[in-house]
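Work through the exercises below with the sequence and the structure at hand. Each task is followed by a solution in steps.

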Amino acid sequence: MNRLVHIFIFLIVAFTQVRAQKNVDDKLAMQYYEQKQFDKAAAYFEKLYDKQPDAYFTYYFKCLIETKDYKTAEKITKRQIKHSDANTHLYVKLGTVYRLMGSPDKEKDQYNKAVKEVIPEQKLIFSLAHAFEDEELYDYAIEVYKKGRKQTAASYPYFYEIAEVYKKKGDLKAMVNEYLDAVEFRESELYTAQANLQQSLGYDEKNGGLNNPILKQELQRRIQQSPDRTIFSEFLIFLLNQQKDFEGSFVQNKALDKRQKTDGTRLMELAKLCISNENYAVAEKCYQYVMSKGKDNPYYDIADIERLNANYLQLTNQANPSTADALLLHNNIEEAIKHYGISNLTLPLIKKSALLKAYYLDKPQDAIQSLEELIAQYTFDKNSVAEIKLDLGDMNLLVGNIWDASLLYSQVEKDFKYEVVGQGAKFRNAKLSYYASDFKWAKTQCDVLKGATTKTIANDALDLSLVITDAIGIDTNDAPLSLFASAELLVLQHQYDRALARLDSINSVFSEHTLGDDIYYKKAEIYKRTNRYAEAAKMYENILEFYPTELYGDDALFKEAELYERYLNDKEKAKQLYQDVLTKYPGSIYVVDARKRYRDLRGDIVN
């Protein structure tokens with residue numbers, strides 16, 4: 001009995017010592033391996049591999065390759081292959097050994113054997129394909145995936161994996177077609193394919209993102225081959241919209257609408273997208289197309305009214321539209337109002353008619369009268385009445401009826417004290433106090449509005465508060481600011497020459513005033529409104545030269561970039577200025593827009 005106990009204790013001690021030695025060998029092997037001392041690591045991995053081949057094969061194989069012991073690498077790889085028929089990825093390693101040994105025929109034989117013998121199960125297909133990809137043997141990897149597809153097409157066709165290999169190989173056309181094959185195989189794959197394509201093509205800066213011409217070409221080819229498969233038309237429309245090629249999108253949407261014999265819904269949606277991107281010409285085409293379907297079409301009336309709304313936006317987005325264009329649009333709007341009558345549907349048109357009379361046809365009194373009669377004779381919801389009152393207040397301000405304007409603003413502010421429209425009215429009243437040189441009250445109201453719900457009102461209030469603070473400070477002369485405020489009112493009343501003269505007078509009368517950047521900024525606004533874009537750019541440059549860290553530094557840089565992009569036809573200059581916004585004013589409210597415009601000019605697609 002004692003003898004058995006001694007034997008048992010001896011075995012335990014021996015096993016413990018072996019295991020301890022193994023742990024030491026493992027730690028030393030891994031330490032040398034991580035330090036890339038592969039010759040020392042190989043000595044330890046050899047012993048470890050003999051005891052646990054599956055656990056240590058990869059490390060030992062790597063060490064043998066690094067130390068150029070190809071014969072031993074060949075030997076252990078063949079041993080591993082015999083160990084399991086399913087390990088076809090090991091043929092790739094054996095082929096790699098033969099390549100390093102300078103035996104291309106043997107190398108190729110191993111690769112072909114791997115493809116031939118692989119069992120078409122998803123796990124094994126992935127394992128072998130990845131082994132080929134690791135060695136940059138992309139054609140073999142594609143062959144493996146296609147073998148898997150042939151056996152299991154209905155359950156898993158490997159479109160995305162093959163597309164990724166084509167991408168690594170640099171064959172973008174084949175990659176694109178794999179993604180399109182995925183969409184053809186199952187239409188629900190559309191969004192996944194779109195996301196993958198955008199990511200895969202995004203590295204190409206010149207034709208970056210979905211701007212890559214190959215995708216458009218392949219989509220058009222498939223549409224021609226299979227006109228009944230509308231999924232590719234939908235994909236092409238998505239692509240064109242991403243590229244802001246709204247003219248092309250209009251053509252495709254119209255063709256699809258005719259093919260499906262629908263009522264123009266997709267054209268109405270495209271029109272909205274065009275308007276949000278300020279492409280009013282294509283929006284007009286969309287609405288005209290819907291109207292061409294006849295008055296029985298459910299969208300006819302809406303399309304007619306929205307067409308006029310788009311025309312209004314197009315005209316008012318111009319710096320200085322002609323009176324003739326304004327009159328023509330006004331007459332068209334009046335005809336539509338007469339045809340459809342006074343209702344909530346036509347209320348936007350009625351307001352636009354009055355705004356055209358007030359601001360573009362020099363008939364502000366007529367506009368005021370028409371809106372006052374509208375409120376008196378018809379019943380609208382409270383929000384609509386509030387919006388009309390705000391417009392009325394602005395028009396009264398235009399003709400110099402400051403107290404009438406203030407009364408209207410106050411009514412809206414009282415009725416909508418905690419809502420956006422009420423905050424807008426409150427800011428208008430603050431501006432009135434500012435125009436009247438009541439700067440203390442104006443600043444008090446602006447300070448309250450810094451916490452306004454909408455960022456636009458909050459930012460405008462903050463800007464006006466800062467202008468007042470910077471200009472008068474504590475116990476200083478407010479006369480320069482009074483002149484400046486009166487010049488702003490003249491701008492609002494379209495008296496541009498008088499406004500410019502008054503701004504210039506501040507410099508001549510008050511030589512030590514602090515309104516330098518404000519004057520340049522206001523003069524730039526006037527020059528823009530009167531189509532004097534080069535002079536406006538000069539004003540922004542003056543701000544950036546003399547007052548880069550003042551209130552309007554980032555505003556001036558962004559606005560100058562807009563001038564060069566939209567009016568001075570210098571896209572490269574605009575791109576540089578937008579980039580300067582990002583680097584010089586990283587905390588600016590314009591950063592998001594500047595980055596988007598910069599990428600648009602560079603040719604990127606922003607998701």
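**Exercise 1. Describe how H8 and helix H9 pack.**

Solution. The model is a predicted one. Step 1: the axes of H8 and helix H9 (residues 159-169) come within 10 Å and cross at roughly 170 degrees. Step 2: angles over 145 degrees count as roughly antiparallel, so H8 is roughly antiparallel to H9. Step 3: the crossing in which H8 passes H9 is left-handed. Step 4: on the H8 side, the residues that meet H9 include Tyr138, Ile142, Tyr145 and Arg149. On the H9 side, those that meet H8 include Phe159, Ile162, Val165 and Tyr166.

**Exercise 2. Examine Tyr158 and Glu136, and state for each whether the residue is buried or exposed.**

Solution. Step 1: most residues other than glycine have a negative phi. Step 2: Tyr158 is not a glycine, yet has a positive phi of about 65 degrees. Its place is in the loop between H8 and H9. Step 3: the relative accessibility of Tyr158 is 1%, and buried means under 20%, so Tyr158 counts as buried. Step 4: Glu136, also not a glycine, has a positive phi of about 60 degrees. Glu136 lies in the loop between helix H7 (122-134) and H8. Step 5: with 58% relative accessibility, Glu136 counts as exposed.

**Exercise 3. Find the salt-bridge partner of Glu178 and say which helices the pair ties together.**

Solution. Step 1: the partner of Glu178 is Arg149, and the closest N and O atoms are 2.6 Å apart. The cut-off for a salt bridge is 4 Å. Step 2: Glu178 belongs to helix H10 (residues 172-185) and Arg149 to helix H8 (residues 138-152), so the salt bridge ties together parts that are 29 residues apart in sequence. Step 3: Glu178 is buried, its relative accessible area being 6%. Arg149 is buried as well, with a relative accessible area of 18%. Step 4: Arg149 is also among the H8 residues that meet H9.

**Exercise 4. Which Glu residues form salt bridges with Arg597?**

Solution. Step 1: Glu562 forms a salt bridge with Arg597, with the closest N and O atoms 3.0 Å apart. This pair links distant parts of the chain, Glu562 being in helix H30 (residues 553-566) and Arg597 in helix H32 (residues 591-602), 35 residues apart. Step 2: Glu565 forms a salt bridge with Arg597 too, and here the closest N and O atoms are 3.9 Å apart. Glu565 lies in helix H30 and Arg597 in helix H32, so this pair ties together parts that are 32 residues apart in sequence. Step 3: Glu562 counts as buried at 11% relative accessibility, and Arg597 counts as buried at 18%. Glu565 is likewise buried.

**Exercise 5. How many salt bridges does the structure hold, and which residues are linked in a network with Asp181?**

Solution. Step 1: the structure holds 34 salt bridges. Step 2: a network of salt bridges links Asp181 with Glu184, Glu187, Arg222 and Arg229.

**Exercise 6. Describe the packing of H27 and H28, then follow Lys523 and Lys522 to their contacts.**

Solution. Step 1: helix H27 (residues 496-509) and helix H28 (residues 516-529) have axes 11 Å apart and pack at an angle of about 160 degrees. H27 and H28 are therefore roughly antiparallel. Step 2: H27 passes H28 in a left-handed crossing. Step 3: the residues of H27 that meet H28 include Leu500, Leu503 and Asp504, and those of H28 that meet H27 include Lys522 and Lys523. Step 4: Lys523 is buried, with 12% relative accessible area. Leaving aside neighbours within four places in sequence, Lys523 is in contact with Leu500, Leu503, Asp504 and Met539. Step 5: the side chain of Lys522 makes a polar contact with the side chain of Glu488 (3.0 Å). Glu488 lies in helix H26 (residues 479-492) and is buried, with a relative accessible area of 12%. Step 6: not counting residues up to four places away in sequence, Glu488 touches Lys431, Tyr434, Tyr435 and Lys522.

Terms used: Residues numbered from 1 in each chain as written. Predicted model: local features only at pLDDT ≥ 70, side-chain atom pairs only at ≥ 80, totals over all residues. Heavy atoms only, no water. Salt bridge = Lys/Arg side-chain N within 4 Å of Asp/Glu carboxyl O. Helix = DSSP H or I, 4+ residues; strand = E, 2+ residues; numbered from the N terminus. Buried < 20%, exposed > 50% of the residue type's maximum accessible area, 1.4 Å probe, protein only. Axes fitted to C-alpha atoms, helices over the stretch in contact; angles between N-to-C directions. Parallel < 35°, antiparallel > 145°, perpendicular 65-115°, else oblique. Left-handed = near helix turned anticlockwise from the far one by under 90°. Contact = heavy atoms within 4.5 Å. Polar contact = N/O pair within 3.5 Å; in protein donor to acceptor, adjacent residues only side chain to side chain.
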